[in-house]
Amino acid sequence: MKRMILLIAVLLAGCVPQVVNDGNEPPANPYLADSPWSMTHRNSYCQASSPYPGPDAGIRGKDYIIGMPGCITMPISGKYHDGSRVVWGNNLTHVFKLSTKNKMLHEIDKIKKDPNGDGEKGLVESGVSGAYTLVDKDGVFFVPDMTRIVAYCDSVPGDPSSKIKIRNVYCIPEQYLKGSDDKIVGLVMTYDGMLAFATNNGLVCVLSRSFEKGYYLMPGEDDEISNSIACDEKGGIYVVTSRKMYRVQWTGTELSTDEAKGGWIADYETGGDQSGIRLGNGSGTTPTLMGTGSQDRFVAITDGSELMNIVLFWRDEIPADWHQIPGTKDRRIAAQVPVRFGDPEAKHSQTDQSLCIRGYGAVVVNNELGADLGNRTLNIIISGIPLIAPRGMEKFEWNHKTRTFSSVWANTQISVPNGIPCMSASTKLLYAIGKRGIYWTLEAVDWDTGDSAFYSNIGIGLQYNSAYAATQVGLDGCIYSGTAIGLVNLRPK
């Protein structure tokens, strides 16, 4: 009903839904590009939700750019002097810049990446390392590349149509690396304008955007990190590993997990070895922050249990009257609720897609495949095959008055095989790349009810397989998504 009233109001106004202020938008990070989507998962809270409008009644067309395998996300720049913007991205082999003229995506330039500095090795590893990127307020595009961060920018400052150039490169000093397989996996912008990143072997770093100063911490031993990280305006950097959940506090001069300095360490159910499309043990999700302003404040993940739980941790001080929930591993856990995707008899569930959060609501999608070939790349390829493709998504919501977290709806039919969903507060719809029969689709689901609002067929075959990529609310009501061998821009009706 709420969505119907919104659509009627839109039709009467003769316009598309506009940016809304629903009271749930996190504080804007002044060092990120002022744009609808400036980094992977959109903002430093990593919520993958937006006040900007997406499609409200299907798509009327698409732009498909082939030849860009491994494109996970496409950050949007701030406005240039002429009011235009560009879209940045990277894949296994290249960094590229796209024009958004006439609501369509056109290639401006692309340059070849140099994965290990030798031009020969590590393409797949570099693709994993480069999954999390961002554009800052100065239009610089930061890309993790194994043990380096590369800063790309316009070759002519202020000219959106100019070619790409490398501004500078930062290499992690060897004394901080833990093993020859160490590589950067997560990247975020702190609220004081520093780059924060984490490596797969558990190193956390805060680095100045000029690459002049770096601060390092190894918060735990034998920790593996397979997701990105999040941060808040109080200097908390949230890192989930295969063993622990951390708040690493950035004080402005050091990184610490000491509670006296604002940090903390919490245990959670990490489970055993993972299969399917999961990238590592423990949680399969980037920590996502819930709660803004005077709301209760949490960091949310899913855990590694065979029957996966969605877990909330108190982000700041634990309330003095809070008692540890029976059966949980840590008093800091504010909620630990099984995810069953609408099946009360479910004995196992899993996801590798980060939570989509708006306000006190959090949506998780099912990635439990109907078959496992023992190879994550092959599993991605088969993930859209009928009878193998997973089905289901579920929304949970925190009740501030009762301090409980519970399922509010489950859609058992929607299939989102491997892509990361996003949400528009303007249309009140959640968007994801799904699968129906032989078609890859854009799925739009009502945020409040879980009902399918609409779906649009995108295409058939591997070229439309989302392959871990994130859907994101782009410019002019469009939805952007990477695919297995390219990227797609879905234009609204």
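Cysteine 231 is buried, with just 1% relative accessible area (buried means under 20%, exposed over 50% and partly exposed in between, using a 1.4 Å probe on protein chains only). The closest cysteine sulfur to that of cysteine 231 belongs to cysteine 46, 7.7 Å away, which is too far for a bond. Cysteine 171 is partly exposed at 46%, and its sulfur sits 12 Å from the closest one, in cysteine 205, so again that's too far. Search the whole structure and you'll find zero disulfides (pairs of cysteine sulfur atoms within 2.5 Å).

A word on what you're looking at: this is a predicted model, where local features need pLDDT of at least 70 and side-chain atom pairs count only at 80 or more, while totals for chains, interfaces and linings use all residues. Residues are numbered from 1 along each chain as its sequence is written, and side-chain values use heavy atoms, leaving out hydrogens and water.

How confident is the predictor? The chain averages a pLDDT of 91, and 92% of the residues score at least 70 (pLDDT is the predictor's confidence in each residue, from 0 to 100). Two stretches to treat with care are residues 7-16, where pLDDT stays under 50, and residues 118-123, where pLDDT also stays under 50.

Now for the inside. The largest nonpolar core has 58 residues, and Phe142, Phe197, Ile237, Met245 and Phe313 have the most contacts inside it. Such a core is a set of buried Ala, Val, Leu, Ile, Met, Phe, Trp, Tyr and Cys residues joined through side-chain atoms within 4.5 Å. Leaving aside neighbours within four places in sequence, methionine 245 is in contact (heavy atoms within 4.5 Å) with residues including Trp264, Tyr268, Pro287 and Phe313. A second, separate core of 30 residues includes Ile65, Leu429, Ile433 and Tyr464.
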